[in-house]
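Grab a pencil and work through these exercises with the model open beside you. Each one sets a task and then walks through a solution.

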Amino acid sequence: MRSKTDRRMCGTCEFWNGVRQPIFDEHGNPKIEIHSEQGVCECYLSSFEGGQRRRDLCCKCYSKWTELF
């Protein structure tokens with residue numbers, strides 16, 4: 001799945017541990033390539049901590065992944 005970096009979802013959250021990588025599209029815009037369907041939430045403030053989360057879900061404890069531009 002390829003996504004914009006400004007989408008507020010688990011796949012772009014600092015605390016989600018699925019497989020992903022920052023990339024640029026053909027126009028030089030920053031994007032994120034999310035390879036995992038699910039990953040574990042590692043946010044100690046979230047009620048979802050330790051649980052499997054789909055890449056397209058979100059929660060109130062969202063924090064943008066620092067690898068993103």
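**Exercise 1. Write down the order of the elements from the N terminus on, and state how many helices and strands there are.**

Solution. Start at the N terminus of this predicted model and read along: the elements run β-β-β-β-β. Now do the tally: that's five strands and zero helices.

**Exercise 2. Work out whether the radius of gyration agrees with that of a compact globule.**

Solution. Begin with the chain length, which is 69 residues. A compact globule with that many residues would have a radius of gyration near 11 Å. The protein has 12 Å, so the value agrees with the globule rule. For the extents, look along the principal axes: the C-alpha trace spans about 40 × 20 × 15 Å. Next, burial: 41% of the 69 residues are buried. Finally, take the contacts between residues at least 6 apart in sequence; 48% of them join residues at least 24 apart.

**Exercise 3. Find the strands that pair with strand 3, and give the sense of each pairing.**

Solution. Take strand 1 (residues 2-4) to begin with: three bridges join it to strand 3, and the two run antiparallel. Here Ser3 stands opposite Ile32.

Then turn to strand 2 (residues 20-24), which pairs with strand 3 over five bridges, again in the antiparallel sense. You can pin this pairing down with two residue pairs: Arg20 has Ile34 as its bridge partner, and Phe24 has Pro30.

Now check the turn. The hairpin of strand 2 and strand 3 has five residues between the strands, and Gly28 takes a positive phi near 85 degrees there.

**Exercise 4. Is strand 3 largely enclosed or largely open, and why?**

Solution. Strand 3 covers residues 30-34, five residues in total. Count the buried ones and you get four. With four of five buried, the strand is largely enclosed by the rest of the structure.

**Exercise 5. Decide whether Ser3 and Tyr62 are buried or exposed, then list what they touch.**

Solution. The cut-off you need is that buried means under 20% relative accessible area.

Ser3, in strand 1, has a relative accessibility of 4%, so it counts as buried. Set aside residues up to four places away in sequence, and Ser3 touches Met9, Lys31 and Ile32. Ile32 is also the residue that stands opposite Ser3 in strand 3.

Tyr62 sits in the segment after strand 5 (52-54). Its relative accessibility is 15%, so Tyr62 counts as buried too. Without its neighbours within four places in sequence, Tyr62 is in contact with Thr5, Arg7, Arg8, Met9, Thr12 and Cys13. For one more distance, compare Tyr62 with Ser46: they are 16 residues apart along the chain, and their C-alpha atoms are separated by 8.9 Å.

**Exercise 6. Now do the same for Arg54 and Glu42.**

Solution. This time you need the middle class: partly exposed falls between buried, under 20%, and exposed, over 50%.

Arg54 is in strand 5. At 42% relative accessibility, Arg54 counts as partly exposed. Its contacts, leaving aside neighbours within four places in sequence, are Cys10, Trp16, Glu37 and Gln38. From Arg54 to Cys41 is 13 residues in sequence and 9.6 Å in space, C-alpha to C-alpha.

Glu42 lies in the loop between strand 4 (38-40) and strand 5. A relative accessible area of 47% makes Glu42 partly exposed. Outside the neighbours within four places in sequence, Glu42 is in contact with Phe15 and Asn17. The C-alpha atoms of Glu42 and Trp16 are separated by 6.1 Å, though the two residues are 26 apart along the chain.

**Exercise 7. How many cavities of 30 Å³ or more are there, and what lines the largest cavity?**

Solution. The count comes to one cavity of 30 Å³ or more. The largest cavity has a volume of about 90 Å³. It is lined by 13 residues, and the closest to its centre are Cys10, Cys13, Trp16, Cys41 and Cys59. Sort the lining by class and you get eleven nonpolar residues, one polar and one charged.

Terms used. Residues are numbered from 1 along each chain as its sequence is written. This is a predicted model: local features need pLDDT of at least 70, side-chain atom pairs count only at pLDDT 80 or more; totals for chains, interfaces and linings use all residues. Side-chain values use heavy atoms; hydrogens and water are left out. On a 1 Å grid over the protein atoms alone, a cavity is a set of points where a 1.4 Å probe fits but cannot get out, and a pocket is an open set with protein on both sides within 12 Å along at least five of seven lines; lining residues have an atom within 4 Å of a point. Grid points are joined across faces, edges and corners, and a volume is the space filled by probe spheres set on the points. Ala, Val, Leu, Ile, Met, Phe, Trp, Tyr, Cys and Pro count as nonpolar, Asp, Glu, Lys and Arg as charged, and the others, Gly among them, as polar. Buried means under 20% relative accessible area, exposed over 50%, partly exposed in between (1.4 Å probe, protein chains only). Two strands pair if DSSP finds at least two bridges between them. The radius of gyration is taken over C-alpha atoms; the globule rule is 2.2 Å times the number of residues to the power 0.38. Contact means heavy atoms within 4.5 Å.
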